[in-house]
Amino acid sequence: MKLPKHTQVTQLTSPLGTMLLAACNNQLVGIWFEGQAHLPDLSGYAPDAGQPVLQQAKVQLQDYFAGQRRQFDLPVTLAAGTAFQQAVWQALLDIPFGATCSYGQLASRIGKPSAVRAVGAAVGRNPLTIIVPCHRVIGTKGSLTGYAGGLDRKTALLQLEGVL
């Protein structure tokens, strides 16, 4: 994933480890756990120079981890993905707090019921972890499969939301 040229980055210490947040033009372009799969190289980007959205994201994520927030109200862009990835990521936004959806159900929701594997790959490349709730996607029989941030974090997030 290539981020916009003028992206700024910051860190947040969360109960599940260090998180890296990226924004450009006062829109979030990425939130990842340090060391997660598909984490872009952020070394060439400037540290946060006061983008309000990065500070708002930190506060809202802290509130989420404290059990005080169920929805996020932040300007985001999903433009870094392909049209297919963007459709999957947009569908993830429709999975409410405390609910889950299978990869097959998600594929059907975007009108591609036979594209379960491709949907899984797109979910895994979600650039806005937690905000775009890819952790709410589970296996067909309720199994906890796949999460770029690690299954231990996926479990913890679903426990926080009262699913497990």
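**Buried cysteines, nonpolar cores and the largest pocket**

Cys134 is buried, its relative accessible area being 6%. This value, like those that follow, was computed from a predicted model. Cys101 is likewise assigned to the buried class, with a relative accessibility of 1%. For Cys101, the closest cysteine sulfur is that of Cys134, at 12 Å, which is too far for a bond. The search from Cys134 leads back to Cys101, whose sulfur is the closest one and lies at the same 12 Å. Because a disulfide requires sulfur atoms within 2.5 Å, the separation of 12 Å excludes a bond between Cys101 and Cys134. The count of disulfides in the model is accordingly zero.

The surroundings of Cys134 include Asn126, which is in contact with this cysteine. Asn126 belongs to the loop that runs between helix 4 and strand 6 (137-138). With a relative accessibility of 3%, Asn126 is classed as buried. Beyond residues up to four places away in sequence, Asn126 also touches Trp89, Leu92 and Val132.

In soluble globular proteins, nonpolar side chains tend to be buried together. In the present model, the largest nonpolar core comprises 37 residues, and the members that touch the most others are Leu28, Leu92, Leu106 and Ile130. Two or more residues are contributed to this core by each of strand 2 (17-24), strand 3 (27-33), helix 1 (52-65), helix 2 (83-92), helix 3 (103-109) and helix 4 (116-124). The greatest contribution is that of helix 1, which supplies six residues. A separate, second core holds nine residues, among them Ala22, Cys24, Val29 and Tyr45.

The contacts of Leu106 illustrate the packing around one of the most connected members of the largest core. When neighbours within four places in sequence are set aside, Leu106 contacts Val88, Ala91 and Leu92, together with Val119, Val123 and Val137. Cys101 completes this set of contacts. Leu92, itself listed among the core members that touch the most others, is thus a contact of Leu106 and also of Asn126.

The largest pocket has a volume of about 290 Å³. Its lining consists of 13 residues, and those nearest the centre are Gln71, Phe72, Leu93, Ile131 and Pro133. By residue class, the lining of this pocket contains ten nonpolar residues, two charged residues and one polar residue. Gln71, one of the residues nearest the pocket centre, falls in the polar class, since residues outside the nonpolar and charged groups count as polar.

Technical notes:
Residues numbered from 1 in each chain as written. Predicted model: local features only at pLDDT ≥ 70, side-chain atom pairs only at ≥ 80, totals over all residues. Heavy atoms only, no water. Buried < 20%, exposed > 50% of the residue type's maximum accessible area, 1.4 Å probe, protein only. Core = buried A, V, L, I, M, F, W, Y, C linked by side-chain atoms within 4.5 Å. Helix = DSSP H or I, 4+ residues; strand = E, 2+ residues; numbered from the N terminus. Contact = heavy atoms within 4.5 Å. 1 Å grid on protein atoms, 1.4 Å probe; cavity = no way out; pocket = protein on both sides within 12 Å on 5 of 7 lines; lining within 4 Å. Points joined across faces, edges and corners; volume = space filled by probe spheres on them.
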